[in-house]
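Student: I would like a close look at a single helix and its surroundings. Please take me through it in one go.

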Amino acid sequence: MKTKKLPLLLLTTWHLLLVACILPLTADAQSAFDLIERNHSFAAGSYGLYPETDLPKLTPAPDGYEPFYISHYGRHGSRYLNDMKGYIEPYKTLQAADSLGKLTPVGQMALREIRLNIADAEGRWGDLADKGKQQQSRIAHRMLQNFPQVFNDGAFVDARSTIVTRCALSMGTAVLQLVKERPNLEVSMNNSYSDMWYLNHQNKSLRDAAPTRSSQKALTAFIKKYWNSDRVMNLFFNDIAYAREHVDALWFIYYIMKASLIQQNTERSTQPNPLLQLFSSEDLYIFWQVENIWSYIQSGFCELNGAKLPYLQVYLLQKMIDEADSIINSQRHGASLRFGHETVILPLACLMGINGLDLRTSRLEELEQKGWWANTVCPMAGNVQIVFYRKNVEDRNPLIKVLLNEKEATLPLPSDLAPYYQWSDFHDFYLKRIAEGESVLSVKR
């Protein structure tokens with residue numbers, strides 16, 4: 001019996017992901033390929049581990065300036081799959097084929113591996129993994145090491161998370177690390193529906209409409225040019241006629257790749273990963289490209305769908321500006337820590353134009369070349385930190401710099417001191433961008 005047909009929108013999603021398995025390497029984007037060739041797990045996109053090795057040395061502040069405030073938004077740390085379907089669907093497909101003798105040795109190995117993944121994830125769907133807790137602890141430790149003045153005696157930490165458990169635990173783990181090292185901090189933590197309007201503002205109808213006719217047409221043309229699943233299906237099934245009749249190749253291959261790439265985040269990360277070894281660097285490089293394109297359609301200023309999605313984060317950006325103004329106009333010092341999701345941090349980075357992520361284009365194949373790399377923004381535990389520096393407590397126009405995953409970032413602002421920028425320039429520029437977003441979305445604060 002064939003699997004049921006999927007809605008066009010969902011088919012488009014999985015079609016895109018499956019290009020990863022069969023598209024040949026292109027010649028004009030070697031950087032991502034080189035990274036994947038050195039470490040196949042780099043292809044994981046939003047399932048990637050936080051890149052905390054070899055962090056660069058930060059640029060010293062101009063003379064006379066000291067940090068006094070950090071405004072932060074971070075994704076939860078490494079987690080398990082949040083939907084058992086990612087394992088159960090390929091497992092059922094392989095189990096049915098195995099009962100009929102239709103699996104190759106590779107297919108039988110995949111069945112065993114997914115069974116182990118299911119056992120490991122049972123009761124933990126969407127949970128923060130131990131690796132996720134470790135990531136948050138280390139990020140908090142480095143925050144304190146890099147900016148000790150922010151956390152001196154009398155400092156406050158106002159921490160808030162979305163109502164999702166993995167985000168609340170990420171918040172708690174980070175705060176616990178800070179308190180461990182600075183017991184005198186004045187700490188408050190909140191995990192409430194009352195903060196959801198800015199911590200995780202979504203518009204389901206707008207997001208569902210992101211794959212417009214134009215974007216679907218462009219991506220479908222891309223897929224039709226290259227997609228051929230027979231090679232990959234032959235890895236698992238010894239009867240390709242059976243596979244064509246009974247297996248939805250689009251879903252099946254997507255789930256296998258998903259299962260192979262998520263493992264690095266789970267308790268099974270210390271075990272061999274034979275599923276990941278089935279795919280070449282070329283396969284995974286294209287998987288990365290397609291995930292990147294899909295992320296751009298869903299979160300970037302994509303001209304094929306009206307370039308609206310980043311504006312959904314005007315509430316969060318306004319909140320960050322308002323809270324910073326309040327701290328600047330007081331004599332307080334400390335940090336505002338916010339914990340949420342990749343579906344917020346990526347469009348926020350686009351809205352802010354961090355490292356050129358406010359790129360507007362309809363040419364989806366040029367994203368990599370132009371530096372629009374989603375996985376540099378929202379791996380597990382990905383974060384944006386805006387660090388504020390002043391000369392004294394009376395300084396009402398401090399300097400700021402932005403760190404993206406603890407690396408100094410650029411903004412679309414003039415500055416003779418980059419990576420440092422004047423708060424007044426930041427303030428005026430982004431209030432205009434917020435107003436622009438409200439006009440586009442026809443919303444009011």
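Tutor: What follows is a walk along helix H3 and on to one residue that touches it.

This is a predicted model, where local features need pLDDT of at least 70, side-chain atom pairs count only at pLDDT 80 or more, and totals for chains, interfaces and linings use all residues. Residues are numbered from 1 along each chain as its sequence is written, and side-chain values use heavy atoms, with hydrogens and water left out.

Helix H3 covers residues 85-99. Helices here are DSSP runs (H or I, at least four residues), numbered from the N terminus. H3 has 15 residues and reaches 21 Å from first C-alpha to last. That is close to the 21 Å expected at 1.5 Å a residue, taken as 1.5 Å times one less than the number of residues.

Its buried residues are Gly86, Tyr87, Pro90, Tyr91, Thr93, Leu94 and Ala97. Buried means under 20% relative accessible area, with a 1.4 Å probe and protein chains only. Seen down the axis of H3, they fall within an arc of 165°, so they line one face of the helix. The arc is that of the directions from the helix axis to the C-beta atoms.

The buried residues of H3 pack against H4 (105-121), H10 (230-236), H11 (240-246) and H12. Contact means heavy atoms within 4.5 Å.

Now take isoleucine 256, in H12 (residues 249-262). Isoleucine 256 is buried, at 0% relative accessible area. Isoleucine 256 touches Pro90, Leu94, Ile114, Phe236 and Phe279, not counting residues up to four places away in sequence.

Just after H3, glycine 101 takes a positive phi of about 70°.

Technical notes. Helix = DSSP H or I, 4+ residues; strand = E, 2+ residues; numbered from the N terminus. Buried < 20%, exposed > 50% of the residue type's maximum accessible area, 1.4 Å probe, protein only.
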